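Student: I would like to learn how to read this model. Where do we begin?

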Amino acid sequence: MEGYLKKTIRTYDQIATGYMLSTSNLQPGKEFTAFSQRVITGDTVLDAGCGGGRDCKAFAELGFHVIGIDLSVEMLKIARNLAPGCEFLQTDLRKIPLSDNFVDGVWCCASLLHLKRKEVRRALLEFRRVLKEGAVCCIVIKKGTGEKFIKDRRSQGKPRFYSYFQPGEIRELCKSLDFEILTGETTQSGSGTYRQDWLFFLLRKPDRA
Ligand SMILES: C[S@@+](CC[C@H](N)C(=O)[O-])C[C@H]1O[C@@H](n2cnc3c(N)ncnc32)[C@H](O)[C@@H]1O
């Protein structure tokens, strides 16, 4: 694992319990609904960068078969406890140990943003590989420019690496990977100094792929 990622994952391992407590009510509602409506009961959903399993649990309650992947062993411990009916794997979202055309949906909330900008393409290609034809992928990332380490209240002052994107960049990237773009929107969270703009993209793997 690259140094910048190792540092970020070490932070998640150290802050896992506090992080989970402070984000347990932060599920992006509109994005969750838009994605869930395109998956049906019994379908398999991959939560890529599942963290403490908040969304895995919610998907399982909708009757989906859920596979959560994450690199942080401590976040996965919390997820296994919170959502015991789901499957969890400690793995990199750029190297998913699933067959081609295996899942009915990929949900990736606030996880791609910890990869260097040039690595995001690799992750999206991997999502496309494991998705069935016609299946959807939801990504939620931070809007902005560049990439940097940030230490903040939520990370308890420990470093996490972030990369930021503009909507046009993601649009071009997804088109170049032959994803159909169903939705591409900017949303907000927080206020004042805590305000953050997010990009929400709902993508579809074409039937002919
Ligand atoms: C901001 S948290 C988001 C967790 C969860 N998706 C949520 O919305 O609450 C980012 C998660 O991505 C995981 N992560 C970061 N880079 C990863 C990678 N390359 N492969 C797998 N997991 C990764 C971290 O360990 C962390 O649990």
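Tutor: Begin with the ligand shell. This is a predicted model. The shell residues divide into eleven nonpolar, six polar and four charged.

Student: How many residues surround the ligand, and which are the closest?

Tutor: The ligand is surrounded by 21 residues. The closest are Gly49, Gly51, Ser72, Cys109 and Ser111. Two elements give two or more residues to this shell: helix 1 (3-23) and strand 2 (65-70).

Student: Which element gives the most to the shell around the ligand?

Tutor: Helix 1 does, with four residues.

Student: Let us stay with helix 1. How do I read its span?

Tutor: Compare the span with that of a straight helix. At 1.5 Å a residue, a straight helix of 21 residues would span 30 Å. Helix 1 spans only 26 Å between its end C-alpha atoms.

Student: Where does helix 1 bend?

Tutor: At Ile15, by about 75°.

Student: Which residues of helix 1 are buried, and what covers them?

Tutor: Burial here takes 20 or more other C-beta atoms within 10 Å. In helix 1 the buried residues are Thr8, Ile9, Thr11, Tyr12, Ile15, Ala16, Tyr19 and Met20. Ile15, where the helix bends, is thus listed among the buried residues. The cover over the buried residues of helix 1 includes helix 4 (73-82) and strand 7 (159-163).

Student: Next, backbone angles. What sign does phi have in most residues?

Tutor: Most residues other than glycine have a negative phi. Two residues here have a positive value. Asn101 has phi near 55°, and Ala110 has phi near 60°.

Student: Where are Asn101 and Ala110 found?

Tutor: Both sit in loops. Asn101 is in the loop between strand 3 (87-90) and strand 4 (103-109). Ala110 lies in the loop between strand 4 and helix 5 (117-130).

Student: Why does Asn101 count as partly exposed? And why Ala110?

Tutor: Count the neighbours. Asn101 is partly exposed because it has 13 C-beta neighbours inside 10 Å. Ala110 is partly exposed because 17 other C-beta atoms lie within 10 Å.

Student: Now the whole chain. How many helices and strands are there?

Tutor: The chain has six helices and nine strands. Its C-alpha trace spans about 45 × 40 × 35 Å along the principal axes.

Student: What radius of gyration would a compact globule have with 209 residues?

Tutor: Near 17 Å. The chain has 16 Å, so the two agree. Of the 209 residues, 38% count as buried.

Student: How much of the contact set joins residues 24 or more positions apart?

Tutor: Such pairs account for 64% of the contacts with a separation of 6 or more.

Technical notes:
Residues are numbered from 1 along each chain as its sequence is written. This is a predicted model: local features need pLDDT of at least 70, side-chain atom pairs count only at pLDDT 80 or more; totals for chains, interfaces and linings use all residues. A residue is near a molecule or strand if its C-beta atom, placed from the backbone, lies within 6 Å of it. Ala, Val, Leu, Ile, Met, Phe, Trp, Tyr, Cys and Pro count as nonpolar, Asp, Glu, Lys and Arg as charged, and the others, Gly among them, as polar. A residue is buried if 20 or more other C-beta atoms lie within 10 Å of its own, exposed if 12 or fewer, and partly exposed in between; C-beta atoms are placed from the backbone. The expected span of a helix is 1.5 Å times one less than its number of residues. The bend at a residue is the angle between axes fitted to the seven residues ending there and the seven starting there. Two residues are in contact if their C-beta atoms, placed from the backbone, lie within 7 Å. The radius of gyration is taken over C-alpha atoms; the globule rule is 2.2 Å times the number of residues to the power 0.38.
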